Each structure stands twice: as structure tokens, then as C-alpha cells.
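Work through these exercises with the structure open beside you. Try each task before you read its solution.

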Amino acid sequence: MTLPAGGRAWPALTLGLTLALAGSGSAQNLEAYRTLAGQLDAAAAGAGQDALSTLKRLDAAQVALDSLKPTLSNAKTGAALQDAMNAVRAAQARTPVELRAQVQLARGLMRKALYDQTMKLLATSPANSAEHLTLLSRELGVDPAGTNANLTAGKLNVVAWQLQKSAAAKLGAALAGVQAQQSGASYLNLARAAGWFTVVQGTARSVDPPLTTEQFSGALAALAGGQLTELRGSLRSLKAGVAALNAALARPDSARAGSGTAPPVVTTPPVTKQPQPPAASSTPPAALAGVPGAAATYAGLGRALNAATQGNLPAARAELTRALAALAAAPASLRNTSGYDSLVRHITTLSQRQALRPADVQALLGELGALEARQAGQPQRAATTLATGSAFRLGGGLRAVLALLIALAAAAPLYLLNLAFGGKNPSWRAISAALVLLLLPALADGLFGFLGWLGDVLNVPLLRSLLFLTPGQSAFGVPLRLLTTALALGLATYGFRGLCIQFGLLGGPARPKGSARPTVTKPGQPDQTSLDWDEEF
């Protein structure tokens with residue numbers, strides 16, 4: 001293929017650049033863009049492994065987005081990116097597959113915004129656009145050296161063609177991985193294809209047959225709903241459109257620059273209804289069609305869970321209040337579903353609860369999921385009802401007092417053990433230490449939980465922060481419990497083994513028969529042959 005000589009411009013693209021890129025281009029905050037991309041990619045990579053780590057990455061991504069939005073060329077672009085970020089947060093409370101899918105859609109919006117803004121900058125201020133073009137090239141899988149060389153030569157049409165051709169190729173590769181079956185892998189690949197489509201949608205709409213956002217929405221809805229016949233038809237249509245797009249991008253004059261009169265993406269990404277993706281490991285049930293009110297409520301509950309995990313209870317209660325407002329704005333179909341009033345009552349109660357725990361917010365997430373299931377005609381799991389009832393009835397001050405009483409009661413067997421056997425024998429000391437380790441979670445939950453509740457009631461941040469030290473507060477409690485249990489088992493094994501050796505049951509010579517036999521004594525007289533627990537045991 002012969003490329004145009006330096007200085008010569010393709011007429012169609014030159015006219016498009018003149019009309020679409022008129023005006024001054026502004027620069028994005030590229031550092032914020034890189035941070036946002038990195039945090040989203042890391043959150044997707046770690047989905048399903050560590051919920052706390054994922055929430056922290058999403059928090060960092062939100063901070064980066066807040067820094068990026070003022071530097072975007074269009075306010076609607078920032079609003080679309082914020083909607084995409086909210087969808088990612090909502091998906092975090094559902095399944096790892098949906099979180100990864102929503103990240104792909106958000107990344108597609110980011111690339112589209114960067115593409116449009118970079119093309120404007122290339123047309124108005126080429127000398128200041130090298131860094132933008134380098135980042136955009138890497139985002140779209142193009143060698144930055146090649147695009148910058150064409151920029152230096154003044155071949156803006158070739159630059160646009162290189163970028164869109166690479167994005168179209170990635171769109172085709174992602175779509176090729178979609179099978180006409182209800183699986184997490186197909187859902188993720190289809191979402192990835194929809195993200196790449198966002199970059200080239202301007203050119204894709206002009207091919208024959210055209211590619212449109214509605215096609216991707218329909219395919220995603222068919223896949224999530226298990227409508228395989230419709231999915232096969234959608235995939236055939238999409239693959240035909242992608243083939244036409246790649247054919248149209250065979251020449252540099254077919255690439256189109258971003259529009260300067262309309263925002264890069266003024267609507268929600270292709271998955272506007274956010275269908276529940278199926279699990280990748282097994283044949284999933286029919287997906288649940290999420291609704292806008294539920295998605296915003298999920299986002300609020302996710303932020304409340306993050307705040308409660310970190311011990312920031314005022315922020316957690318504030319997020320629960322926002323989640324309640326979002327739920328009130330849900331469509332009538334959700335508000336009329338059985339269990340809606342109960343969920344509203346529970347969120348209202350927990351938004352005023354002292355010593356709010358992460359398990360309380362997790363119960364609300366489960367109850368919201370059960371509400372969606374009932375709306376879709378699916379049965380509710382008994383475990384969800386049990387978890388919700390426990391969190392609603394046993395929490396706050398009642399839980400703190402009960403946990404403290406259990407912690408105080410745990411001292412009784414330790415005292416009686418020491419009173420009965422003393423502390424001289426190393427075997428009994430090991431057994432006592434093992435019992436202390438086994439009771440340590442109850443002791444920590446009772447003491448720190450009560451002090452944290454007291455600090456929340458009295459508004460003493462130092463005491464309130466002690467909630468973070470309770471075993472069930474965050475994921476660190478799991479390895480800590482495993483460690484203390486392992487140590488307790490080791491000490492108990494050592495102690496009981498020592499006793500067995502002293503009895504002659506393990507190793508060493510057995511006690512001669514007839515030795516140390518107790519004799520019957522009269523009432524009130526001491527047993528002269530009774531065993532001295534400290535020394536014999």
C-alpha cells in the first residue's frame with residue numbers, strides 16, 4: 001500500500017479535520033489518566049480475591065478521575081466517565097466477571113475521550129501533542145515511534161488511520177472470543193469488544209453494514225438473559241459489521257477524527273442495563289437485569305462497606321443515607337417488589353446504628369440482591385434472610401455488650417484451669433496457653449468491640465478506631481485466626497503429649513503395676529496417696 005507523500009493530505013480527512021477539529025484543543029491531565037487506568041486495571045485483575053484491596057483501588061481511581069475531569073474538553077464526557085465509575089463500583093458488589101466487564105467499558109470511554117482530545121490537539125497545536133499521542137498510541141496498541149514520525153511529517157490522516165486500524169483489530173479479536181453460549185468468558189469478551197467499539201464508533205457507523213451501540217446492547221442483553229438464538233443472530237451481525245469496518249480501514253483516508261461538536265460518548269456505555277453476568281465456572285442461572293436505582297444503591301453500599309471496614313463510621317452512615325436516597329429513586333417495578341419496604345427500613349435503621357460493622361452492610365448488599373432476584377421471579381435464599389435478620393436484630397450496643405460478657409466469661413475456664421493444676425508443670429502451661437489462643441478472638445471482639453462502640457456513642461475517634469482491631473472487621477482477621485489456631489493446636493499437642501509421656505502412654509517406661517494406687521480413706525481424712533497435680537501431671 002502506498003502512503004501519501006509528506007505534506008500531501010487526503011481530501012476527505014482534511015475536510016473532516018477542518019470541520020470537526022475547529023477551535024483550540026486542550027490538554028488532558030495525563031498523569032491522572034495513567035493513574036485512573038492503572039487503578040482500574042489493577043482492580044479488575046484482583047477482582048474476587050481481596051474485596052478490601054479492590055475497594056481501595058476504586059477509591060484511588062475516583063480520586064484520579066476527579067483530577068482528570070476538569071481537564072476534559074467536554075463536561076458530558078466527564079459525566080459519562082463518572083457514570084462508568086459508578087457502574088464499576090456497583091459491579092464490585094456483584095461478581096468478579098461483571099466488575100471486569102464494567103472496567104472494560106470504562107476503559108473504552110477513557111480511550112475514546114483521549115482519542116478525540118488528542119486529535120483536536122494535533123490539529124491545533126501539533127508541537128505540544130507528542131506526549132498525548134505517545135500515551136494514546138500505547139493505549140491503542142500502536143508503536144509510538146511510528147505515530148510520532150507521521151506527526152513530525154505532518155501526516156495527521158495517517159496517524160488517525162494507524163490508531164483506528166489498531167482499535168478495530170482489537171475489536172475484532174475480542175469479538176472472535178465470544179461464543180454463542182452463556183458463560184463469563186463470552187460476557188467479558190463481548191464487553192471488551194464493546195469498549196473497543198467506543199473508540200471507532202464514528203467510522204463504524206458509516207460502513208455497510210454499520211455497527212451501532214444498540215447492537216452491542218442487544219447482544220449483551222441476549223447473552224445475559226440466556227437467549228442464545230438471538231445471541232447467534234447478534235454475533236453474526238456484529239462480525240459482519242467488524243469485517244466491513246476492517247475493509248473500510250484498509251486505506252488511510254477512511255479514518256475519521258473525533259467530533260468537536262459532540263462529546264465523545266454522550267450516552268452510557270453499550271451495557272446500559274448492566275445485566276448480571278453468568279459465572280464462568282459453571283452453567284449460570286438466568287441473569288438479573290439491573291436497574292439504575294439498584295446500581296446507584298449498590299455503589300453507595302459499596303462505599304459504606306469500605307468506610308465501615310476502615311472504622312470510619314460517620315462516613316459509612318453518610319453513604320448508607322445516600323444509598324437510601326438512590327433506592328428511593330429506583331423505578332416503580334423495583335419499588336413495588338415484595339421486600340422493598342423491608343430493605344428501606346433496614347437501611348434506615350443501620351444508617352443510625354452505633355458501632356456499625358462491615359457484616360451489617362454486607363447483609364444489606366445481600367438483601368438488595370434478593371430484592372432484584374424477586375423482581376426477576378427467582379426465589380430468595382434462606383441464608384440471605386437469616387443474615388439480614390441477624391444483622392438487624394443483633395448489632396450495635398446489644399452486640400457489643402454480649403461480646404463483652406462472653407469475653408469476661410472466657411476468663412472463668414482459664415482461672416479454674418490454673419486453680420486446679422497450677423502452673424509448675426510445663427505441659428499444663430502449654431495447654432493453658434493453647435486455650436488462651438483459642439479464646440483470643442472472643443476476647444479481642446469483646447474488649448475492642450465494646451470500647452469501639454463506646455467511642456462511637458461518645459464520639460471519641462481514638463476509642464472508635466479500636467473496632468479495626470476486632471477479628472471480623474476486615475480480611476486480616478482470617479489469616480490471624482488461622483495463625484492463632486495453628487499455634488493453639490501446636491501448644492495443645494505439646495502439652496497433652498507431655499502428659500501422655502508422664503502417664504507412660506507415649507515413649508519412656510510405663511509406671512509399674514500397683515504403684516501409686518490410691519487407698520480408701522475414711523471420710524474427713526486426707527488421702528495419703530492422692531496425686532499431686534502440679535508434680536505428677
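**Exercise 1. A glutamate in a helix**

Decide whether glutamate 372 is buried or exposed, then find its side-chain partner.

Solution. Note that this is a predicted model.
- Step 1: Read the accessibility. Glutamate 372 has a relative accessibility of 4%.
- Step 2: Apply the cut-off. Buried means under 20%. Glutamate 372 therefore counts as buried.
- Step 3: Place the residue. Glutamate 372 sits in helix H16, which covers residues 358-375.
- Step 4: Look for a partner. The side chain of glutamate 372 makes a polar contact of 2.9 Å with the side chain of tyrosine 298.
- Step 5: Compare sequence and space. Threonine 337 is 35 residues away from glutamate 372 along the chain, and their C-alpha atoms are 8.5 Å apart.

**Exercise 2. The whole chain**

Describe the chain by its helices and strands, its buried share and its contacts.

Solution.
- Step 1: Count the elements. The chain has 23 helices and zero strands.
- Step 2: Check burial. Of the 537 residues, 47% are buried.
- Step 3: Turn to contacts with a separation of 6 or more. Residues 24 or more positions apart account for 74% of them.
- Step 4: Look at the surface. The accessible surface is about 24600 Å², and carbon and sulfur atoms hold 61% of it.

**Exercise 3. One helix, end to end**

Compare the reach of helix H3 with the expected span, and list the buried residues of H3.

Solution.
- Step 1: Take the length. Helix H3 runs over residues 51-68 and has 18 residues.
- Step 2: Compare the spans. H3 reaches 25 Å from its first C-alpha to its last, close to the 26 Å expected at 1.5 Å a residue.
- Step 3: List the buried positions. In H3 they are Leu52, Thr54, Leu55, Leu58, Ala61, Gln62, Ala64, Leu65 and Leu68.

**Exercise 4. Alanine 167 and its neighbours**

Which residues does alanine 167 touch, leaving out those up to four places away in sequence?

Solution.
- Step 1: Locate alanine 167. It belongs to helix H8, residues 156-176.
- Step 2: Judge burial. The relative accessibility of alanine 167 is 0%, so this residue counts as buried.
- Step 3: Name the contacts. Beyond four places in sequence, alanine 167 touches Leu140, Trp196, Val199 and Val200.
- Step 4: Check one distance. Alanine 167 and tryptophan 196 are 29 residues apart along the chain, with C-alpha atoms separated by 6.1 Å.

**Exercise 5. Nonpolar cores**

Find which members of the largest nonpolar core touch the most other members.

Solution.
- Step 1: Recall the background. In soluble globular proteins, nonpolar side chains tend to be buried together.
- Step 2: Read the core. Of the 74 residues in the largest nonpolar core, Leu36, Leu40, Leu171, Leu190 and Leu245 touch the most other members.
- Step 3: Find the main contributor. Helix H5 (residues 96-124) gives the largest share of this core, 12 residues.
- Step 4: Look elsewhere. Apart from this core lies another of 31 residues, among them Ala316, Tyr340, Leu368 and Leu467.

**Exercise 6. A polar residue in H5**

What does the side chain of glutamine 117 meet at serine 73?

Solution.
- Step 1: Place glutamine 117. It lies in helix H5.
- Step 2: Check burial. With a relative accessible area of 2%, glutamine 117 is buried.
- Step 3: Inspect the pair. A polar atom of the glutamine 117 side chain is 3.4 Å from the backbone nitrogen of serine 73.
- Step 4: Widen the view. Contacts of glutamine 117 beyond four places in sequence are Ser26, Ala27, Gln28, Thr71, Leu72 and Ser73.

**Exercise 7. Two positive phi angles**

Is alanine 355 buried or exposed? Is asparagine 459 buried or exposed?

Solution.
- Step 1: Start with the background. Most residues other than glycine have a negative phi.
- Step 2: Read the angles. Alanine 355 has a positive phi of about 55°. Phi of asparagine 459 is near 60°, also positive.
- Step 3: Find the loops. Alanine 355 is between helix H15 (340-350) and H16. Asparagine 459 is between H20 and helix H21 (461-464).
- Step 4: Settle burial. Alanine 355, at 3% relative accessibility, counts as buried. Asparagine 459, at 54%, is exposed.

Notes:
Residues numbered from 1 in each chain as written. Predicted model: local features only at pLDDT ≥ 70, side-chain atom pairs only at ≥ 80, totals over all residues. Heavy atoms only, no water. Helix = DSSP H or I, 4+ residues; strand = E, 2+ residues; numbered from the N terminus. Buried < 20%, exposed > 50% of the residue type's maximum accessible area, 1.4 Å probe, protein only. Polar contact = N/O pair within 3.5 Å; in protein donor to acceptor, adjacent residues only side chain to side chain. Contact = heavy atoms within 4.5 Å. Areas by Shrake-Rupley, 256 points an atom, 1.4 Å probe, with all protein chains shown as cover. Expected span 1.5 Å × (residues − 1). Core = buried A, V, L, I, M, F, W, Y, C linked by side-chain atoms within 4.5 Å.
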